[in-house]
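Here is a friendly walk through one model, from its metal site to its helices and strands. Please keep the viewer open as you read.

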Amino acid sequence: RLVANWSRLRKAPGPILAGFTDLWRAYQQYNGRLREKVLESHARYGPVVRYGVRCISISDPGVINVVYGSRAGFVTGDSYTVLLGHQNGKDIASLVSTRDEKQHGALRRSVANAFTATAALDYEKWIDVTIEELLVSLAKKSTFDLTSMTLWYTMDASARFTFGAPLGCLLAEEDVDGLLQLIRDRLTHWSRWSSYPWIERLVYRNPIFTPLASNPSGMTAVAAASLKERVSQVAARRDGKDARVTPDLLERFLEASKDFPKALDEPGIIGMLMSTISGAGDTTASVIAAVIFYLLKHPAVLKKLEAELESNSIHGIPTFAEVSKLPYLNAVLKEGMRVFTPGTHPMERVVPTGGAVIAGMHFPEGTTVGCMPAAVHLSKGVFGDDVHVFRPERWLIEDREQLRRMEAAHMGFSRGRRNCIGQNIAMLSMKKVIPAIIMKFKVISSTQTLRLSQIVPRLLRYWVRYT
Ligand code: HEM
């Protein structure tokens, strides 16, 4: 059996054990090292690397459209089912976790209006209030923990634009109500079990083992409770008792459910809430912290950014209109999201019937292929020889063709029909909060030898190790 496993994809290089058994992958993932190992393997073997019995990582940006393109027919890998919520003995699919393309398309269409660039502007006021609270908290401190503060900020901001009320993390400086822990439990669960989704199903979604099922269900319960509470508030509003000027995401989902009753039935809305809550917190916080880290590490870049903000009279909390088109700020964020990506493993897709030739190699149907943004972003052919260097200037060039190639290879928000639906909101939040912090405070590192590992792993300690 082990030899049969190995021979299935023997042309693809990679760690020997990975070809024989998925235990190798499971072990690395359990220890938060899979990302590091896949990156090492790409450096050693090239753009195609095997990291599991049927799993292939590809770092060649040329394959992005093949694997993630809208008509490509590559459905998401079985590993995503580990993310399915579970309530009352039933799986609750979310945007991220559903493998059913029809269900995904219907759900995504039903909520698309709530995430457009125009809709994101409606959430600006929720974000402003939260930035204000963050600045007040920071002003009271002589030193602050960047990791925690950005996290409390994104948790409160996302709770505001999702449910219309903050969690209170910034005020308490802790994980109020344990929501962050629930998100992390869900991601840890994903990380632990994505190598063996069929065992996960057997253990956690089997009525015989119901007590164990609490792990993937925690967030489902929170989302369901929020939904119940808000439905009664919306009903009260309709009676004229509670006038809400700007609808939050949940209210928009409830509105949209009238037009899309099938996609956005109760489990559909719960699934959307789960995707939004877990998609918005840790990811945005870690990118903000990483960008500030790179600015501190590169004082010349920080100085240039400050000069751009100064010359555009950006002080206090800027409006999105003021900062959305600033070229250097754009370049800093794009570059920050190139050198730092939170994802810990390739975004897995399954080769459709008949197999496919990808990156010059034929893969039989059923093979899991995927790109890990961290690996793709190190493509020297696209980004140049200095791929490991944080250099926003690479995005400020005249050469349109080169810019197009870099844009096409940027996977910070993934690509294709399952790309990040929250990216407009994330960009709005980041483009406002980073200038607000650096223009109000002179942020300096409290240690001489600041490393990314001191900033990021505490955010993502359950699912990735940074060195
Ligand atoms: C800088 C911050 C963010 C980054 C780097 C990021 C990154 C990503 C990536 C890489 C994916 C694809 C995951 C996969 O296929 O495995 C994704 C999907 C998703 N993200 Fe984000 N995200 C961010 C912020 C947000 C925010 C603020 C929200 C919600 C308001 C959000 C909601 C989602 C949802 C719902 C999906 C699933 C989309 C689908 O499957 O159709 N994300 N994100």
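The report below takes up the iron site, the salt bridges, a strand with its partners, and a pair of helices.

This is a predicted model, in which local features need pLDDT of at least 70 and side-chain atom pairs count only at pLDDT 80 or more, while totals for chains, interfaces and linings use all residues. Residues are numbered from 1 along each chain as its sequence is written, and side-chain values use heavy atoms, with hydrogens and water left out.

Let us begin at the metal. The protein gives the ligand's iron atom a single donor, the SG atom of Cys 420, at 2.3 Å. Donors here are N, O and S atoms within 2.8 Å of the metal (3.2 Å for Na, K and Ca), and since water is not among the atoms, sites may look incomplete. Cys 420 sits in the loop between α21 (400-409) and α22 (423-440). Helices (H or I, at least four residues) and strands (E, at least two) are DSSP runs, numbered from the N terminus.

That loop also takes part in a salt bridge, as Glu 101 pairs with Arg 417. Because Glu 101 belongs to helix α6 (residues 101-111) and Arg 417 to the loop between α21 and α22, the pair ties together parts that are 316 residues apart in sequence. In the whole structure, 19 salt bridges are found; the term stands for a side-chain nitrogen of Lys or Arg within 4 Å of a carboxyl oxygen of Asp or Glu. Three of the pairs are listed here.

| Pair | Closest N to O |
|---|---|
| Glu 101 and Arg 417 | 2.8 Å |
| Glu 133 and Arg 160 | 2.9 Å |
| Asp 386 and Arg 391 | 2.7 Å |

The pair of Glu 133 and Arg 160 links helix α8 (residues 124-139) to helix α9 (residues 146-163), so parts that are 27 residues apart in sequence are tied together. Glu 133 is partly exposed at 24% relative accessible area, whereas Arg 160 is buried at 8%. Buried means under 20% relative accessible area, exposed over 50%, and partly exposed in between (1.4 Å probe, protein chains only). Glu 101 is partly exposed at 22%, and Arg 417 is partly exposed at 23%.

Asp 386 and Arg 391 form the last pair in the table. Asp 386 is partly exposed at 24%, and Arg 391 is partly exposed at 31%. Through salt bridges that share partners, Glu 335, Arg 338, Asp 386, Arg 391 and Arg 394 join into one network.

Now for the strands. Strand β9 (residues 368-371) is covered on both faces, with Thr 368 and Gly 370 buried on one side and Val 369 and Cys 371 buried on the other. Strand β2 (residues 55-58) runs parallel to β9 and is joined to β9 by three bridges; Ser 57 stands opposite Gly 370. Strand β6 (residues 347-350) pairs with β9 in the antiparallel sense over four bridges, and Arg 349 faces Val 369 there, standing opposite. Two strands pair if DSSP finds at least two bridges between them.

Finally, return to α9. How do α9 and helix α11 (residues 179-193) pack? Their axes are 11 Å apart, at an angle of about 95°. Axes are lines fitted to C-alpha atoms, for helices over the stretch in contact, and angles run from 0 to 180 degrees between N-to-C directions. The two helices are therefore roughly perpendicular, where angles under 35 degrees count as roughly parallel, over 145 as roughly antiparallel, 65 to 115 as roughly perpendicular and the rest as oblique.
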